[in-house]
Every structure is written in structure tokens, then in C-alpha cells.
Amino acid sequence: MATIIVTGRDGLVTARNRQRAEEKIQKLEKYFDGIGKIEAILGHSGDTASVELVITVRRGNPIICHSQAKDMYAAIDQLIDKLDRQVKKHKEKLKQV
């Protein structure tokens with residue numbers, strides 16, 4: 001199981017946002033077992049919520065993804081969709097080697 005770290009860019013992360021992010025991020029592990037550490041950075045700039053995720057994998061460069069939306073939940077959901085594709089793509093690259 002990967003280590004999941006959720007932090008806030010502006011220092012404040014609500015318990016609901018932290019729980020939502022952790023629940024969604026844990027689902028990525030079913031696609032790829034080579035994940036070492038996952039760091040999520042949640043933040044707000046004006047009325048826009050932003051989420052950044054850095055996934056450290058055993059073999060290869062870290063996978064980095066960004067997402068922005070009006071709502072934090074929507075930003076997290078968009079980010080998970082992007083990461084789902086990136087993790088699958090990374091896994092396919094490893095199979096080719």
C-alpha cells in the first residue's frame with residue numbers, strides 16, 4: 001500500500017476534502033502496484049480550486065498531474081480521471097521494456 005500525503009498549498013485542508021482526496025487516490029492502486037508514495041497538494045486561488053498530485057513510482061520518473069475547477073470535489077474528480085490514463089500509459093510503457 002502506498003503512502004498518501006495530503007497537504008494544503010495555503011496551509012488549510014478541511015477534513016472532508018482530505019477524506020475525499022484519500023478515497024479517490026486509493027483507487028489508483030488497483031491499476032498499478034508499483035506506486036511508492038503519493039503526495040496531493042490542495043489549494044485555492046480566488047474562486048478556483050486546484051489540485052496537484054505527484055506519484056513516485058518504483059521504476060521511472062514521477063507522474064505529475066494538475067487540475068483546476070470551481071469546486072474542490074470537481075477538481076479532485078478531474079485529476080483522478082487524468083491520472084487514471086497516465087498510470088495506465090506508464091504501466092504499458094513498462095510492459096514494452
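Trainee: Which residue in β3 is the bridge partner of E39?

Mentor: Welcome! This is a predicted model, where local features need pLDDT of at least 70, side-chain atom pairs count only at pLDDT 80 or more, and totals for chains, interfaces and linings use all residues. Residues are numbered from 1 along each chain as its sequence is written, and side-chain values use heavy atoms, leaving out hydrogens and water. Strands (DSSP E runs of at least two residues) and helices (H or I runs of at least four) are numbered from the N terminus. Looking in β3, you will find that E39 is bridged to V54.

Trainee: How many bridges pair β2 and β3?

Mentor: Two strands count as paired if DSSP finds at least two bridges between them. For β2 and β3 the pairing is antiparallel, and the number of bridges is 10.

Trainee: What is the phi of G46, in the turn of the hairpin?

Mentor: Find the hairpin formed by β2 and β3, which has two residues between the strands. G46 sits in that turn, and its phi is positive, at about 70°.

Trainee: How many bridges join β1 to β2?

Mentor: Two examples help here: V6 has A40 in β2 as its bridge partner, and T7 stands opposite I41 in β2. The two strands run parallel, and the bridges joining β1 to β2 number six.

Trainee: Which are the edge strands of the sheet?

Mentor: The sheet is open, with four strands in the order β1-β2-β3-β4 and mixed pairing. An edge strand here pairs on one side only, which gives β1 and β4.

Trainee: By how much are neighbouring strands of this sheet turned against each other on average?

Mentor: Axes are lines fitted to C-alpha atoms, for helices over the stretch in contact, and angles between N-to-C directions run from 0 to 180 degrees. For neighbouring strands of this sheet the direction is ignored, and the average turn is 15°.

Trainee: What angle does the direction of α2 make with that of β4?

Mentor: Start with α1, which lies across β1, β2 and β3 and runs at about 145° to β1. Now follow α2, which packs on the sheet and touches β2, β3 and β4; its angle with β4 is about 155°.

Trainee: How far apart are the end C-alpha atoms of α1?

Mentor: The expected span of a helix is 1.5 Å times one less than its number of residues. With 12 residues, α1 should therefore span 16 Å, and this agrees with the distance between its end C-alpha atoms, 16 Å.

Trainee: How wide an arc do the buried residues of α1 cover around the axis?

Mentor: Buried means under 20% relative accessible area, exposed over 50% and partly exposed in between, with a 1.4 Å probe and protein chains only. The buried residues of α1 are N17, A21 and I25. They lie on the same side of α1 because their arc, taken from the directions from the helix axis to the C-beta atoms, is only 60°.

Trainee: Which residues are exposed on the other side of α1?

Mentor: The buried residues of α1 are covered by elements including β1, β2, β3 and α2. On the other side of α1, the exposed residues are A15 and R16.

Trainee: Is A40 buried or exposed?

Mentor: A40 is found in strand β2. Contact means heavy atoms within 4.5 Å, and A40, leaving aside neighbours within four places in sequence, is in contact with I5, V6, T7, I25, E52 and L53. Its relative accessibility is 1%, so A40 counts as buried.

Trainee: Which element gives the largest share of the largest nonpolar core?

Mentor: A nonpolar core is a set of buried Ala, Val, Leu, Ile, Met, Phe, Trp, Tyr and Cys residues joined through side-chain atoms within 4.5 Å. The largest one has 26 residues, and I25, I38, V51, L53, I55 and L83 have the most contacts inside it. Two or more residues come from each of β1, α1, β2, β3, β4 and α2. The largest share, seven residues, comes from α2.

Trainee: What is the relative accessible area of I55?

Mentor: I55 is found in strand β3. Not counting residues up to four places away in sequence, I55 touches L28, I35, K37, I38, P62, I63, L83 and V87. I55 is buried, and its relative accessible area is 0%.
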